[in-house]
Amino acid sequence: GVVLFSDPISVYLLGDARTRLGLVILLPCILLTGVENLHKHAFYGAGMIRPPAFTELLEQLVRTCAVLGLLVLFLPQNPERTVGLIVTGMVICEVFSSCALTLLHRRWRRGMDGPLGAGEASGRLNHRIARIALPIAATSLLGSVCAILIPQKLVQGGMEVSASISAFGVMFGMTLPLLTLPTAFIAALGLVLVPKLAESTALKRRGEVHRRISKAMLGTSVLMLPAMAFLVVLGPTLGSALFKEPAVGDYLAPLSVGVALSCYQSVLSCALNGVGRQPAAARNALLCGAVELVVVFFTVGVPGVGLLGYVWAFLISSLLGVVLGMASLHRATGLRPQLFLWVTAPGLAALLAGLVINLLFAILQDRGLAALHAAVVCLVFGGVLYLAALHAQGVRVRELFRLRAGE
């Protein structure tokens, strides 16, 4: 259906006929991504992190080589074909990743000892899968609709089509990727947290469940809050150096709050999955996606608001996700939020570091130091100051991230 209606989709939904070629080539990439994710999460469910992690590393290498290789071989081309070359490189990468994970999964299954067990009745299993999968699929659909809607609403608010696509690209291709760069640590934390919580829940060790969730929330704050503080101060400089685009610094402060909230939301969702409350996590995500779409629909198209409407939507949906996640987790485990330990202590340390490096950055630039060199000095000094402030408040970072059995 997408292939047959690719012309109207590219023109009327995406707003640019040049996206048609990339849209058509992207379809096998989506299919292969589904195969890849099924095998990845099968390994995650079995508590095996290394096979998908190793494949993910090789996938990034293959994607980089494939995309750059195609561009070197076939450029110069018009913009439509250039996009097609980039998407083709992504397809090559997904072919490698899905094939590698399929072979690894089959090898793992052959190496399993003993019978697999009777399992669960197919009807009941399908019902349980549907309760989780349908809200997640709907959430992804809402995210796609939101991404399509934003440029159209910008045009509705009086912006030119080319300007709306440019503003959308700066926000979602430069500003947000810069802010979400540190969140790779949170994804890794979630992968480790889910099987550990599942083990503690199966053994009915509620105190261990509380301790692990608390450490995950504190770890999220310790990692993300200083990263957001540094990026708010140094982000415009880094964005100009990386992208040659001064607009990258727009909305950094409110977006950084939204990114931090979305990290808490992600950890709480992983915690719900770990304690066996997957439907609750899926419903929460669906509700947050719906709220974000509604706010985008009613605000982005208002003249004078524009992308600020998306910033509001992002903040509101992320905050709602944290509230719903914490409420669901309290009902499931009895855990109460520890605001001082989780947020206040690392937040005050991050605020102190951010204010100091903001002043230091201005002083260094006034003294004639290059912006990137000043940013490096501020990063090192701010990191030391942040760790000292955490220590003064009783947060022991070494103990927090120490790998010990049972933690």
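Does C378 count as buried or exposed, and at what relative accessibility? In this predicted model, C378 counts as buried because its relative accessibility is 0%, below the 20% under which a residue is called buried.

**Surroundings of C378**

C378 belongs to helix α13, which spans residues 371-392. Leaving aside residues up to four places away in sequence, C378 touches L234, I357, L360, F361 and L364. One of these contacts, L234, falls within the residue range 206-243 of helix α8. Between the C-alpha atoms of C378 and V356 the separation is 8.7 Å, and the two residues are 22 places apart along the chain.

**Overall architecture**

The protein chain contains 14 helices and 0 strands. Read from the N terminus, the order of elements is α-α-α-α-α-α-α-α-α-α-α-α-α-α. For 407 residues, a compact globule would be expected to have a radius of gyration near 22 Å, and the 23 Å computed for the protein chain agrees with this. Along the principal axes, the C-alpha atoms occupy a box of roughly 60 × 60 × 40 Å.

Of the 407 residues in the protein chain, 36% are buried. Among contacts between residues at least 6 apart in sequence, 74% join residues at least 24 apart. The accessible surface of the protein chain amounts to about 22000 Å², and carbon and sulfur atoms account for 69% of that surface.

**Charges and salt bridges**

The protein chain carries 31 positive and 18 negative charges, and the mean positions of these two sets lie 12 Å apart. Side chains of opposite charge can pair when their charged atoms come close. Across the whole structure, 7 salt bridges are found. The table presents three salt bridges, including the N to O distance for each.

| Salt bridge | N to O distance | Location |
|---|---|---|
| E59 and K40 | 3.8 Å | helix α3 and helix α2 |
| E94 and R63 | 3.6 Å | helix α4 and helix α3 |
| R212 and E208 | 3.3 Å | helix α8 |

The salt bridge between E59 and K40 has its closest N and O atoms 3.8 Å apart. E59 lies in helix α3 (residues 50-74) and K40 in helix α2 (residues 20-45), so this pair ties together parts of the chain that are 19 residues apart in sequence. Both E59 and K40 are buried.

In the second pair, the side chains of E94 and R63 meet at 3.6 Å, N to O. This salt bridge links distant parts of the chain, with E94 in helix α4 (residues 79-110) and R63 in helix α3, 31 residues apart. E94 is buried, with a relative accessible area of 5%, whereas R63 is partly exposed, with a relative accessible area of 23%.

The third pair sits within one helix. R212 forms its salt bridge with E208 at 3.3 Å between the closest N and O atoms. Because R212 and E208 are 4 residues apart in helix α8 (residues 206-243), about one helical turn separates them. R212 and E208 are both buried.

Through shared partners, salt bridges join E36, K40, E59, R63 and E94 into one network.

Note on methods: Residues are numbered from 1 along each chain as its sequence is written. This is a predicted model: local features need pLDDT of at least 70, side-chain atom pairs count only at pLDDT 80 or more; totals for chains, interfaces and linings use all residues. Side-chain values use heavy atoms; hydrogens and water are left out. Helices (H or I, at least four residues) and strands (E, at least two) are DSSP runs, numbered from the N terminus. The radius of gyration is taken over C-alpha atoms; the globule rule is 2.2 Å times the number of residues to the power 0.38. Buried means under 20% relative accessible area, exposed over 50%, partly exposed in between (1.4 Å probe, protein chains only). Contact means heavy atoms within 4.5 Å. Accessible areas come from the Shrake-Rupley method with a 1.4 Å probe; for residues, only the protein chains shown count as cover. Lys and Arg count as positive and Asp and Glu as negative; His and the chain ends are not counted. The place of a charge is taken as NZ of Lys, CZ of Arg, CG of Asp or CD of Glu. A salt bridge is a side-chain nitrogen of Lys or Arg within 4 Å of a carboxyl oxygen of Asp or Glu.
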